[in-house]
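Reader: I would like to go through this structure with you and ask how each label was earned. Could you set the values against the cut-offs as we go?

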Amino acid sequence: MLKNYLKIAFRNLWKNKGFSFINITGLAIGMASAILILLWIQNEVTYEGFHEKKDRIYEAWNRAVFSGELHCWNTTPKIMASALQRDIPEIEHACRVNWSQRYLFNVGDKRLMARGNAVDSIFLQVFTFPLLLGDPNTALKEPYSIILTESLAKSLFGGENPMGKTIKIDSKDNFKVTGVAKEPPSNSRFNFSYLVPWDYLRKKGDDDQNWGNNSTRTYVLLKENTTLASVAPKVKGLKMRYDSSEKHWDNFLYPMSRWRLYSNFKGAEEDGGKIEFVRLFGIIAGFILLIACINFMNLSTARSEKRAKEVGIRKVVGAQRGSLVSQFIGESVLLAFLAGIVAILIVQVSLPGFNTLTDKKLSLHYGNPYFWLAGLGFVLFTGLLAGSYPAFFLSGFQPVKVLKGTFRAVNALITPRKVLVVLQFSFAIILIICTIIVKQQIDHARDRETGYNKSNLIYHFLTGDLRNNYLMLKRDLLASGVATAVCRSSSPLTESYSDSWGFEWEGKAPDDKTDFYRFCTDEDLVSTSGFKLLKGRDFNLKEYLTDSAGIILNESAVKAMGFKEPLGQIIKDNGITWHVVGVIKDFILESPYTPIAPMVIEGAKGWFSTVHIRLNDVHSTTENLKKAEAIFKKYNPEYPFEYSFIDEEYAQKFDDEKRTGTLAALFAGLTIFISCLGLFGLATYMAENRVKEIGVRKVLGASVTGIVSLLSRDFLRLVVISFFIAAPISWWAMHKWLQSYPYRVSIQWWVFVLSGILSMSIALATVSWQAIRAALANPARSLRSE
């Protein structure tokens with residue numbers, strides 16, 4: 001019997017090649033799209049899932065009120081780890097991880113820059129990063145020990161065993177290789193090429209005991225059988241026990257399982273995060289697969305007349321409905337299996353581009369038996385979903401009516417087939433509208449005035465000897481004509497490395513906890529950046545020596561401090577008395593989607609990490625960079641010339657939204673394509689079934705336009721219904737999404753009109769080809785048998 005069913009299934013596929021092609025193509029594209037999305041979702045939900053002790057690992061967070069609002073954040077004082085370890089016996093280990101840093105590695109003639117972290121020596125006892133060589137318990141015990149990843153070890157030592165060998169870092173400190181680690185998985189926040197002990201930072205003087213300096217991340221490993229609830233009260237008041245100046249400050253532990261997907265906070269409560277994107281794309285995956293299955297259902301039921309007599313004869317000779325259902329579902333599973341093979345090929349070809357788009361390293365694990373088990377389950381699910389309705393529909397035919405030819409249903413106002421087509425196009429139109437609004441929001445933020453001139457502006461970190469040779473570097477850059485202005489600062493213009501609520505000024509309220517960005521520079525900041533000076537002047541150490549203790553405020557800072565006349569005002573910070581010399585127009589430092597925060601720019605008594613260079617536009621960029629590289633090599637010969645363009649860095653602020661918009665556009669296109677495949681198949685079959693009717697109409701004088709309109713009208717009516725369903729749903733979804741952006745675009749009516757016209761045009765183009773072909777056919781051929 002099974003052999004007979006398979007033979008019939010393959011004969012039907014071969015006999016109806018066109019419909020089989022449409023069905024397999026639609027299912028394959030839908031399945032491939034769903035697989036790609038599911039791979040992305042799996043990567044997100046398994047973030048940090050490889051750690052053996054993940055259920056006991058937590059991150060220390062702060063919670064306090066600033067600028068009138070309750071904030072939660074995950075940078076902590078460097079001293080917190082030792083306090084947690086000492087004061088709370090339920091904590092097995094407390095471990096610090098500093099911000100990722102790039103060092104110059106020297107081995108013989110080889111020099112390369114690598115990024116990694118300084119960590120406490122028990123880091124590998126908390127987190128699971130297996131060592132290929134070395135002992136995880138002792139590898140970071142000595143201040144000048146270092147663990148390399150496999151790729152960095154190969155880059156430095158080739159095929160040699162690196163254990164025990166010496167590496168010079170930043171051309172001054174010699175480190176001994178004590179371990180080689182596997183590459184960190186891509187779905188981890190820890191993305192390092194090397195690990196050095198925290199003791200190295202202490203020897204460099206980069207450690208401190210200041211409870212007010214929240215500059216590192218602190219992780220804890222709870223002892224076995226310890227609950228978070230039992231530890232939370234002891235952690236809560238930790239900072240206030242050591243810093244009596246803070247009266248309303250809490251600490252709490254945040255579980256590893258929630259770091260990636262849930263770590264957006266509004267006040268004291270979680271307020272979503274990446275989990276919203278996971279849910280959204282999960283829904284999209286489900287709908288794309290459903291739309292592909294709807295094609296199968298529609299085409300199978302539309303072609304019911306072709307299988308009706310087969311069903312009637314089988315029932316007459318004794319076939320039960322159950323056996324017929326099994327046969328038709330078996331056929332759909334077979335077709336899903338063929339589509340699954342094509343889908344795997346599509347996924348394999350698409351993965352490199354999809355990885356680039358999503359910034360991931362996704363892959364299909366062919367050697368994993370669970371992959372094949374999941375794949376088989378996915379194919380069976382798709383086959384059952386696609387074949388269930390047609391199977392019950394076809395098996396429900398009554399043999400008497402079938403064999404008499406009277407089984408056809410009337411052209412009802414609402415049929416399952418029409419409902420399914422409406423569902424298909426509703427989802428496609430929702431994606432079209434959402435794609436347009438996401439693009440509008442990106443353009444709206446991108447067009448926002450930044451407050452400075454991004455073009456021809458580069459920055460370079462003050463690596464190696466650049467700190468000591470900065471003044472000579474600046475002199476040569478200006479004298480050579482490479483630059484028109486140069487300044488050094490505490491961070492690039494696109495980032496903030498420091499903020500504080502501890503500024504003091506006359507008239508400040510005792511309970512004022514306004515948070516200010518802190519930025520430091522020496523002089524020529526305004527001419528280098530292109531800031532608009534509203535009052536006062538730029539720093540000028542040549543004419544005003546006291547400008548080393550000067551401050552420039554942005555508009556928001558003047559407003560926050562309540563200054564009517566800011567020039568000359570005294571501000572205290574970090575034990576230094578500063579005086580205001582200028583006010584600049586607000587500029588975007590971090591997110592272009594949020595209001596601009598108050599900012600204090602401190603003079604030369606501050607600290608520096610970066611040099612900004614305004615390139616001379618008289619010369620080409622290539623020429624400028626070539627000359628600049630020679631000057632940098634002159635004063636910093638050991639280090640590579642690694643610059644970044646400010647406009648490119650600024651553009652990266654839109655990456656997440658651009659990625660969301662591109663994915664939405666991609667899936668909208670695929671959804672429309674799959675829907676149109678189904679619509680094309682239905683239109684083809686409709687034209688075949690009505691060929692004699694069309695012939696009679698033509699004989700009686702009907703025009704080609706009239707016949708095309710007749711054949712297209714029903715489909716267009718369904719698309720119009722889809723639009724009226726999709727419009728309010730997409731408005732609600734986009735309105736909710738835009739609420740997370742304080743600086744946002746308004747939803748405009750023309751977006752819906754454009755989407756409606758676009759969807760109608762696509763549907764009309766899909767069905768009209770078949771309609772025109774049918775209308776132009778010679779009626780003599782279709783009526784010959786009559």
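Author: Let us start with Asn-225, which is found in the loop between β12 (214-222) and α7. This is a predicted model, and the phi of Asn-225 is near 65°, a positive value in a residue other than glycine.

Reader: Why is Asn-225 called exposed?

Author: Exposed means over 50% relative accessible area. Asn-225 has 81%, so the label exposed applies.

Reader: Asn-456 also has a positive phi. What makes Asn-456 count as partly exposed?

Author: Asn-456 lies in the loop between α15 and β16 (457-461), and its phi is about 60° although it is not a glycine. Partly exposed is the class between the 20% and 50% limits. With 24% relative accessibility, Asn-456 therefore counts as partly exposed.

Reader: On to charges. How do you know that Glu-90 forms a salt bridge with Lys-234?

Author: The test asks for a side-chain nitrogen of Lys or Arg within 4 Å of a carboxyl oxygen of Asp or Glu. The closest N and O atoms of Glu-90 and Lys-234 are 2.5 Å apart, so the pair passes. The two residues are 144 residues apart and link distant parts of the chain: Glu-90 sits in the loop between α3 (80-87) and β4 (91-97), and Lys-234 in helix α7 (residues 228-236). Lys-234 is partly exposed, with a relative accessible area of 33%. The structure holds 35 salt bridges.

Reader: What makes Arg-202 and Asp-207 a salt bridge, and which classes of exposure do Arg-202 and Asp-207 fall into?

Author: Their side chains meet at 3.3 Å, N to O, and the limit is 4 Å, so this pair qualifies. Arg-202 has a relative accessible area of 40% and is therefore partly exposed. Asp-207 has 17%, so it is buried, the limit for that class being under 20%. Both residues belong to a network of salt bridges that also links Arg-96, Asp-120 and Asp-199.

Reader: And what about Asp-443 and Lys-439, where do they lie?

Author: Both are in helix α15, four residues apart, about one turn of the helix. Their closest N and O atoms are 2.8 Å apart, so the 4 Å criterion is met. Asp-443 has 23% relative accessibility and therefore counts as partly exposed.

Reader: Which residues does Lys-274 contact, apart from its neighbours within four places in sequence?

Author: Lys-274 is in contact with Glu-44, Arg-260 and Leu-261. Lys-274 and Glu-44 are 230 residues apart in sequence, while their C-alpha atoms are 8.4 Å apart in space. Contact is judged on heavy atoms within 4.5 Å, so the C-alpha distance does not decide it. Lys-274 lies in the loop between β15 (269-270) and α10 (275-302). Its relative accessible area is 32%, so Lys-274 is partly exposed.

Reader: Now the interior. Which residues have the most contacts inside the largest nonpolar core?

Author: That core has 61 residues, and those with the most contacts inside it are Leu-493, Phe-531, Phe-587 and Ile-601. Helix α15 (residues 416-446) gives the most to this core, with 14 residues. Apart from it lies another core, of 47 residues, among them Leu-261, Ile-294, Val-347 and Leu-431.

Reader: What does Phe-587 touch beyond four places in sequence?

Author: Phe-587 touches Thr-450, Gly-451, Tyr-452, Leu-493, Phe-531, Ile-596 and Met-599.

Reader: Why is Cys-293 called buried, and how many disulfides are there?

Author: Buried means under 20% relative accessible area, and Cys-293 has 0%, so it is buried. Cys-434, with 10%, is therefore buried too. A search of the whole structure finds zero disulfides.

Reader: One last label: why does Trp-749 count as exposed?

Author: Trp-749 has 66% relative accessibility, so it counts as exposed, the threshold being over 50%. Trp-749 lies in helix α24 (residues 749-776). Together with Trp-750, Val-753, Leu-754 and Ile-757, Trp-749 forms a nonpolar patch on the surface, with about 530 Å² of accessible area.

Definitions and conventions: Residues are numbered from 1 along each chain as its sequence is written. This is a predicted model: local features need pLDDT of at least 70, side-chain atom pairs count only at pLDDT 80 or more; totals for chains, interfaces and linings use all residues. Side-chain values use heavy atoms; hydrogens and water are left out. Patches are made of residues with over 30% relative accessible area and no salt bridge: like charges are joined within 9 Å, nonpolar side chains (Val, Leu, Ile, Met, Phe, Trp, Tyr) within 5 Å. Accessible areas come from the Shrake-Rupley method with a 1.4 Å probe; for residues, only the protein chains shown count as cover. Buried means under 20% relative accessible area, exposed over 50%, partly exposed in between (1.4 Å probe, protein chains only). A nonpolar core is a set of buried Ala, Val, Leu, Ile, Met, Phe, Trp, Tyr and Cys residues joined through side-chain atoms within 4.5 Å. A disulfide is a pair of cysteine sulfur atoms within 2.5 Å.
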